Amino acid sequence: MHPIRAHEPLPVVLAGARGHGRSHLLNIHRLEGLGLVRLAGVCELRPLDAAELDGIGSPAQSADFDALLASTGARIVVLSTPIQTHADMALTAARHGAHVLLEKPPVPSYAEFRRLVDGLGAVGAACQIGFQSLGSHAVPAIRRMVEEGVIGELVGVGAAGAWVRDEAYFRRAPWAGRRRLDGADVVDGALTNPLAHAVATALALAGADRSEDVERVETELLRANAVESDDTSAVRITTTAGPRVTVAATLCAERPAEPYVVVHGTRGRITFRYLRDRVVVRRDGREPVETAYGRTDLLENLVAHVTGDEPLWVPPEATGAFMRVVEAVRTAPDPTELPPELWHFEPGESARRRVVDGIDALVDASADSLRLYSELGAPWAPRLRTVAG
């Protein structure tokens with residue numbers, strides 16, 4: 001059920017309408033149907049063709065972002081562009097009087113994060129960061145359970161992400177799999193981009209989502225693929241409040257698995273499978289209870305914020321702790337290359353895909369025990385850990 005619209009549809013410009021941007025294009029079209037927005041423009045280096053716009057309409061198109069904002073009078077801009085372009089494009093949109101939905105990760109460094117937050121604040125522009133999992137109603141529900149002592153005292157939070165990506169995945173764009181490109185930070189690694197939701201969600205469930213909530217970050221970064229960035233990684237964040245957050249991630253899994261976050265308490269645990277908004281509560285001496293939660297669309301929430309007094313679900317400040325992790329990954333030594341005897345090509349698949357031997361069990365064990373790879377007996381991990389304050 002949606003509230004009665006009390007405003008004219010807000011003009012929206014989408015920058016980056018292919019790849020993941022296609023989902024934003026379709027979502028904007030959905031909100032057009034509700035009378036909340038209208039697609040005023042699309043910014044792409046190569047214009048969308050008739051097939052790509054079939055059923056969508058005929059928005060203005062231009063590769064000149066600045067000119068498109070000026071001509072459309074956009075009130076909201078959705079940015080689904082390369083990571084290293086985010087800050088400049090978001091601040092350009094803000095200078096044109098637009099509010100921003102910015103894809104994750106927000107930016108590739110903590111310095112850029114501060115520049116983004118300060119620049120947006122200077123002109124009063126709202127910004128929503130595209131961590132869809134943080135729009136899940138399960139997140140505040142789990143936080144309430146923790147605060148009410150449903151699973152006893154909070155011990156820590158572990159997250160696991162075991163995905164499969166073939167070699168073509170790292171060739172999908174010039175910035176894919178890169179730590180830097182043409183002198184600019186990119187930091188496109190397993191923890192900071194494809195499985196960034198696991199990191200951000202774990203921090204949110206620990207009640208440690210702001211930059212000041214992080215005391216130190218330990219990283220273990222590896223790669224099986226012939227890329228610059230990490231494709232198999234673990235990180236542990238020590239929070240100022242005490243509980244630790246551990247995330248283990250890989251793009252070289254033996255089998256694809258649904259990522260999840262586990263909240264550990266002294267008298268039970270809560271497992272959140274954030275792709276489906278499913279929560280299982282296990283309390284000592286009781287049967288597990290599973291609950292499905294709803295989710296608030298982040299663009300819809302941004303519209304409600306701009307046109308009314310609805311608070312943002314994911315303002316930039318709520319991703320400050322995540323950006324401390326990005327900074328730790330950025331400043332860590334380059335990922336350690338795993339020798340060929342520790343990984344193999346998955347047989348019987350048309351696309352070449354590298355698999356790290358035994359990684360699936362290690363990812364799950366990390367979430368279960370709140371330990372890093374080096375503490376779980378992985379033969380390739382003992383001397384990898386890097387610590388950032």
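**Entry 1: the largest pocket**

I began with open space, and the largest pocket holds about 890 Å³. I then asked which residues sit closest to its centre. Of the 32 residues in its lining, those are Arg18, Ser80, Thr81, Pro82 and Trp175. Sorted by class, the lining has 14 nonpolar, 11 polar and 7 charged residues. A reminder to myself: this is a predicted model.

**Entry 2: the largest cavity**

Next I looked for enclosed space. How many cavities of 30 Å³ or more are there? I find 1, and the largest cavity has about 30 Å³ of space. Its lining is made up of Tyr169, Phe170, Gly177, Asp188, Gly189, Ala190, Pro194, Ser229, Asp230 and Leu251. By class I noted 5 nonpolar, 3 polar and 2 charged residues there. The idea behind this kind of search is friendly enough: rolling a probe the size of a water molecule over the atoms shows where empty space is left.

**Entry 3: strand E4 and its neighbours**

I turned to strand E4, residues 76-79, and asked which of its residues are buried on each face. Ile76 and Val78 are buried on one side, and Val77 and Leu79 are buried on the other, so both faces are covered. In a regular strand the side chains alternate between the two faces of the sheet.

Then I checked what E4 pairs with. Strand E1, residues 10-15, runs parallel to E4 and is joined to it by 4 bridges. Within that pairing, Val12 stands opposite Ile76. Strand E5, residues 99-102, is also parallel to E4, again with 4 bridges. On the E5 side, Ile76 has His99 as its bridge partner. I followed the chain from E4 to E5: it passes through helix H3, residues 86-95, and this β-α-β crossover is right-handed.

**Entry 4: helix H6**

How many residues of helix H6 (residues 196-205) are buried? The count is 10 of the 10, so the helix is largely enclosed by the rest of the structure. I wrote down the buried residues: Ala196, His197, Ala198, Val199, Ala200, Thr201, Ala202, Leu203, Ala204 and Leu205. Just after H6, I noticed that Gly207 has a positive phi of about 70°.

**Entry 5: strand E12 and its neighbours**

Strand E12 covers residues 244-250, and 6 of its 7 residues are buried, so the strand is largely enclosed by the rest of the structure. I looked up two pairings. Strand E7, residues 154-162, runs parallel to E12 with 7 bridges between them. There, Gly158 is matched with Thr246 of E12. Strand E11, residues 232-239, runs antiparallel to E12, and 7 bridges join the two. Thr232 has Thr250 in E12 as its bridge partner. The hairpin of E11 and E12 has 4 residues between the strands, and its Gly242 takes a positive phi near 120°.

**Entry 6: cysteines**

Last, I searched the whole structure for disulfides and found 0. Cys127 is in no disulfide, and the nearest cysteine sulfur, that of Cys43, lies 17 Å away. For my own notes: a disulfide is a covalent bond between the sulfur atoms of two cysteines. Is Cys127 buried or exposed? Cys127 has a relative accessible area of 2%, and the cut-off for buried is under 20%, so Cys127 counts as buried. Cys252 is buried too, at 0% relative accessibility.

Definitions and conventions: Residues numbered from 1 in each chain as written. Predicted model: local features only at pLDDT ≥ 70, side-chain atom pairs only at ≥ 80, totals over all residues. Heavy atoms only, no water. Buried < 20%, exposed > 50% of the residue type's maximum accessible area, 1.4 Å probe, protein only. Pairing = 2+ DSSP bridges. Right-handed = clockwise from strand over helix to strand, strands pointing away. 1 Å grid on protein atoms, 1.4 Å probe; cavity = no way out; pocket = protein on both sides within 12 Å on 5 of 7 lines; lining within 4 Å. Points joined across faces, edges and corners; volume = space filled by probe spheres on them. Nonpolar A, V, L, I, M, F, W, Y, C, P; charged D, E, K, R; others polar. Disulfide = S-S within 2.5 Å.
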